[in-house]
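Subject: Structure for you, with notes

Hi there,

Here is the structure I promised to pass on. Could you load it in your viewer and keep it open while you read?

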Amino acid sequence: MGYARIALLGPPGAGKGTQAKRIVEATGFVHLSTGDILRDEVARGTQLGVEAKGFMDRGELVPDELIVNMIRGRIEAASSGFLLDGFPRTLAQAEALEKIVALDIVININLSREEVVNRLTSRRVCRNCGAIYNLHFKPPADPTRCEACGGALYQRDDDQPDVISNRYQVYEESTAPLVEFYRQRGLLQDVDAERPSDEVFECITALLRA
Ligand code: AMP
């Protein structure tokens, strides 16, 4: 693969996590998902987790400084390549990132608001291995069990309808401006996520090989 420092952009529910898992399997790059790291901090009851939980439950962004401090060392350690998933999410984070490392490519996964709401309300996640399912598009044989590891499937606290609409608004206000930010730098590539997940993955793979 030609690119080793990659960021995925896009609204919540566009499939960033699903695509990220496949990309890191194919490339061996380090998957850096700020959402996953934060959920782990919350589950372990760390100080960062306690500070972040309220923001997450309301569908708001965790303050930039906490996020940048949390991710900096992980980026610096991933010298052979990384995939950022859910970071950066604000202009301040993008500017902080530029001081840490230069990205090779930013993939913008596009999805309409209506489809975001559809997908998030039916998303289920494995509590054990983090595998992502969708009750409509990628239904597990048993809606309560992970097909990969048998772990319990759950609905994220922030995938409740009132929180979803807040998360989308936060995306439009804080994260969508990054599309122009990276387009101006010549780093942005758009991918239409309205299509089946396999096609989206093929499209991303082609971009990464370019
Ligand atoms: P995600 O799994 O990427 O949808 O993230 C879940 C939640 O974690 C978000 O709604 C935010 O509350 C928080 N979060 C994740 N990444 C960031 C980030 N880069 N900046 C601020 N908050 C974040």
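Below are my notes on it, starting with the ligand site.

Before anything else, please keep in mind that this is a predicted model.

**The ligand site**

I guess you will go to the ligand first, so I did too. Which residues come nearest to it? The shell has 16 residues, and Thr34, Arg39, Glu60, Gly86 and Gln93 are the ones that come nearest. Helix α2 gives the largest share of that shell, with four residues.

Three polar distances may be handy for your setup:

- The side chain of Arg39 has an N or O atom 2.9 Å from an oxygen atom of the ligand.
- The side chain of Arg89 also places an N or O atom 3.0 Å from a ligand oxygen atom.
- For Val62 the polar atom belongs to the backbone, and it is 3.0 Å from a nitrogen atom of the ligand.

How much of the ligand does the protein bury? Taken alone, the ligand exposes 480 Å², and 96% of that is buried by the protein.

**Two residues of helix α2**

Since α2 (34-44) supplies the largest share of the ligand shell, I looked at two of its residues in some detail.

Ile37 sits in α2. Its relative accessibility is 11%, so Ile37 counts as buried, the cut-off being under 20%. Leaving aside neighbours within four places in sequence, Ile37 is in contact with Met70, Ile71 and Arg74. Along the chain, Ile37 and Gly49 are twelve residues apart, and their C-alpha atoms are separated by 9.3 Å.

Glu41 is found in α2 as well. Is Glu41 buried or exposed? With a relative accessible area of 10%, Glu41 is buried. Its side chain makes a polar contact of 2.6 Å with the side chain of Thr46. Not counting residues up to four places away in sequence, Glu41 touches Thr46, Leu48, Gly49 and Arg74. Arg74 is thus listed for Ile37 and for Glu41.

**The nonpolar cores**

In soluble globular proteins, nonpolar side chains tend to be buried together. In this model the largest nonpolar core has 31 residues, and Ile75, Leu84, Leu103 and Tyr182 have the most contacts inside it. Several elements give two or more residues to this core, among them β1 (5-9), α3 (47-58), β3 (82-85), α5 (91-100) and α8 (177-184). The largest share, five residues, comes from α4. A second, separate core has 24 residues, including Ile109, Leu120, Ile164 and Val191.

Leu84 is a good place to centre your view. Apart from neighbours within four places in sequence, Leu84 is in contact with Ile6, Ala7, Leu8, Leu32, Ile71, Ile75, Leu97 and Leu103. Leu84 lies in β3, where it stands opposite Ala7.

**Strand pairing around β1**

β1 runs parallel to β3, with four bridges joining them. Four bridges also join β1 to β4 (residues 105-110), again in parallel. On the β4 side, Leu9 has Asn108 as its bridge partner. Four of the five residues of β1 are buried, so this strand is largely enclosed by the rest of the structure.

**A cis peptide bond**

One backbone detail to watch: the peptide bond from Phe87 to Pro88 is cis, with omega near -5°. Pro88 is in the loop between β3 and α5.

**The open sheet and Asp159**

Another sheet is open and has three strands in the order β6-β5-β7, with antiparallel pairing. Its edge strands are β6 (132-134) and β7 (153-154), each of which pairs on one side only. β5 (residues 123-126) and β6 are paired over three bridges, and Arg123 has Asn134 in β6 as its bridge partner.

Arg123 also turns up in a polar cluster of contacts with Asp159. Where is Asp159 found? Asp159 is in the loop between β7 and α7 (161-175). At 0% relative accessibility, Asp159 counts as buried. The side chain of Asp159 makes a polar contact of 2.9 Å with that of Arg123, and another of 2.9 Å with that of Arg167. Not counting residues up to four places away in sequence, Asp159 touches Leu120, Thr121, Arg123, Ile164 and Arg167. Of these, Leu120 and Ile164 belong to the second core.

Happy to talk it through whenever suits you.

Best wishes

Terms used. Residues numbered from 1 in each chain as written. Predicted model: local features only at pLDDT ≥ 70, side-chain atom pairs only at ≥ 80, totals over all residues. Heavy atoms only, no water. Pairing = 2+ DSSP bridges. Core = buried A, V, L, I, M, F, W, Y, C linked by side-chain atoms within 4.5 Å. Buried < 20%, exposed > 50% of the residue type's maximum accessible area, 1.4 Å probe, protein only. Contact = heavy atoms within 4.5 Å. Near = heavy atom within 4 Å. Polar contact = N/O pair within 3.5 Å; in protein donor to acceptor, adjacent residues only side chain to side chain. Areas by Shrake-Rupley, 256 points an atom, 1.4 Å probe, with all protein chains shown as cover.
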